[in-house]
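User: I am new to this structure and would like to go through it step by step. Please show it to me.

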Amino acid sequence: EMAEKAGFPHFMLKEIYEQPRAIKDAIHGNADVINAVAREIAKYDKIFIVAMGTSYHAGMVGRYLFQRLAKKVPIVEDASEFRYEFEDIIDEDTLVIAITQSGETADTLAAMKLAKKKGAKVLAIVNVVGSMATRIADLTLYTHAGPEIGVAATKTYTTQLTVLTMLAIELARILGTADEDYLDELEAGLKAVPNLVEEVLKHDGGIKELAESLVDKRDFFYIGRGVSVPTALEGALKLKEISYIHAEGLSAGELKHGPLALLEDGVPVVAVAPSGKTFDKIVGNIEESRARGAFIISLGDSEELGRVSNAFIRMPDMDELLSPIVYVVPLQLIAYHMAVLRGNDPDKPRNLAKSVTVE
Ligand code: AGP
């Protein structure tokens, strides 16, 4: 087992470090097939994205990509809800995109089967080759992440995001919904993402020190806006899953509508704050949290964050639409180090299974 971990103490850490390679493989592995699949998607206006857990968060990022670039707004629903709520709405004019690492998640498979029964077209985005989801789907795109052993999804998430980004860019080209030069830039930017992840991994030592200072905290809040909302949700899920610390992810705008009441001296607030159209707004949310004594950990590319935060993780510059792939990496590392510091096995968290094959 030590050999399989390639010198890393845990599979999860190995898989976090494999992300630059995995993202490259996802790009190369889909380059020749993405156009045909995007052409199929272009035919539909009624689009659902269904998934569970981390894959569901990938679906949420997918919605932002589709709506910003292709002006199509898919309904993203967790598969356990979809299968019971949308039965009467799915028809031959519907496209269902199912995202599942394992291709064996019971709720996601049931949602796909329902969609097929109703005559919808089903596209699956899957990591495990030949899994059940690929047999149900009309079309499959693979994430090419390689086997993921750790229960916490890491490289399979960033490769799902890579595939969704490629799809959204291609769809926008086909539909003519975004500026061609901008789409070319975004595509070039995506190819540079593996290097950006490589850069972010260099912060690992600093992130471990940060985790040491946070190890006794009981509640964490993760905030983001726009395309960073799902990143906040995913950061919170990673922390809950392996460190067993309570964490909440939410849109920063929601803070004032309730959760702010929970902020007091020293409560960690992790702000996912890439430059973009709502950057000033999240700085405002950081300031209001800080005024209540919160300990602010911010991720971003603007030096301004250094001034308003207790800890600042400096991220490389990139288009906001690519940021979900890169910004989740420090959040994976925070969760990993917290888990290890608290004496947990991050590869095998209590009560959880790698793939949830029962409802
Ligand atoms: C992620 O860290 C979790 N282990 C879990 O939420 C997972 O993403 C979910 O069960 C869905 O699995 P799937 O992608 O294999 O369908």
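User: How many helices and strands does the protein chain have?
Analyst: This is a predicted model. The secondary structure of the protein chain comes to 14 helices and 10 strands.

User: What is the radius of gyration of the protein chain, and why does it count as compact?
Analyst: For 359 residues the globule rule gives 21 Å, and the chain comes close to that, so it is as compact as a globular protein of that length. Along its principal axes the C-alpha trace spans about 55 × 45 × 40 Å. The radius of gyration itself is 20 Å.

User: What share of the 359 residues is buried?
Analyst: A residue is buried if 20 or more other C-beta atoms lie within 10 Å of its own. In the protein chain, the share of buried residues is 55%.

User: Which domains is the chain divided into, and how many residues of each are in contact with the other?
Analyst: Domain 1 covers 11-196 and domain 2 covers 202-341. Their centres, taken over C-alpha atoms, are separated by 25 Å. The contact involves 25 residues of domain 1 and 22 residues of domain 2.

User: Which element gives the largest share of the side of domain 1 that touches domain 2?
Analyst: The elements giving two or more residues to this side are α1 (11-17), α2 (19-30), α4, α8 (155-175) and α9 (180-201). By class, the side has 15 nonpolar, 9 polar and 1 charged residues. The largest share, 8 residues, comes from α4.

User: Which helix gives the most to the shell around the ligand?
Analyst: There are 15 residues around the ligand, and Gly53, Thr100, Gln101, Ser102 and Thr105 come nearest. The shell divides into 5 nonpolar, 9 polar and 1 charged residues. With 3 residues, the helix that gives the most to this shell is α4 (residues 53-70).

User: Which helix gives the most to the largest nonpolar core?
Analyst: This core has 127 residues, of which Val96, Ala98, Met112, Val122, Ala168 and Val326 touch the most other members. The core draws at least three residues from each of domain 1 (11-196) and domain 2 (202-341). The helix that gives the most to the core, with 13 residues, is α14 (residues 323-341).

User: Which residues does valine 96 touch, not counting those up to four places away in sequence?
Analyst: Val96 is one of the core residues that touch the most other members. With neighbours up to four places away in sequence left out, valine 96 touches Phe48, Val50, Met112, Ala115, Ala120 and Val122.

User: Is threonine 159 buried or exposed?
Analyst: Threonine 159 is found in helix α8. Beyond four places in sequence, this threonine touches Ala22, Ile23, Ala26, Thr143, His144 and Ala145. Aspartate 25 is 134 residues apart from threonine 159 in sequence and 8.6 Å apart in space, C-alpha to C-alpha. Because threonine 159 has 30 C-beta neighbours inside 10 Å, it counts as buried.

User: Which class of exposure does serine 355 have?
Analyst: Serine 355 has its place in the segment after α14. Because serine 355 has 16 C-beta neighbours inside 10 Å, it counts as partly exposed.

User: Which residues is serine 355 in contact with, leaving aside neighbours within four places in sequence?
Analyst: Threonine 100 and serine 355 are 255 residues apart along the chain, and their C-alpha atoms are separated by 9.6 Å. With neighbours within four places left aside, the contacts of serine 355 are Ser102, Glu104 and Thr105.

Key. Residues numbered from 1 in each chain as written. Predicted model: local features only at pLDDT ≥ 70, side-chain atom pairs only at ≥ 80, totals over all residues. Near = placed C-beta within 6 Å. Helix = DSSP H or I, 4+ residues; strand = E, 2+ residues; numbered from the N terminus. Nonpolar A, V, L, I, M, F, W, Y, C, P; charged D, E, K, R; others polar. Domains from an automatic or database assignment. Contact = placed C-beta atoms within 7 Å. Core = buried A, V, L, I, M, F, W, Y, C linked by C-beta atoms within 7 Å. Buried ≥ 20, exposed ≤ 12 C-beta atoms within 10 Å, placed from the backbone. Rg over C-alpha atoms; globule rule 2.2 N^0.38 Å.
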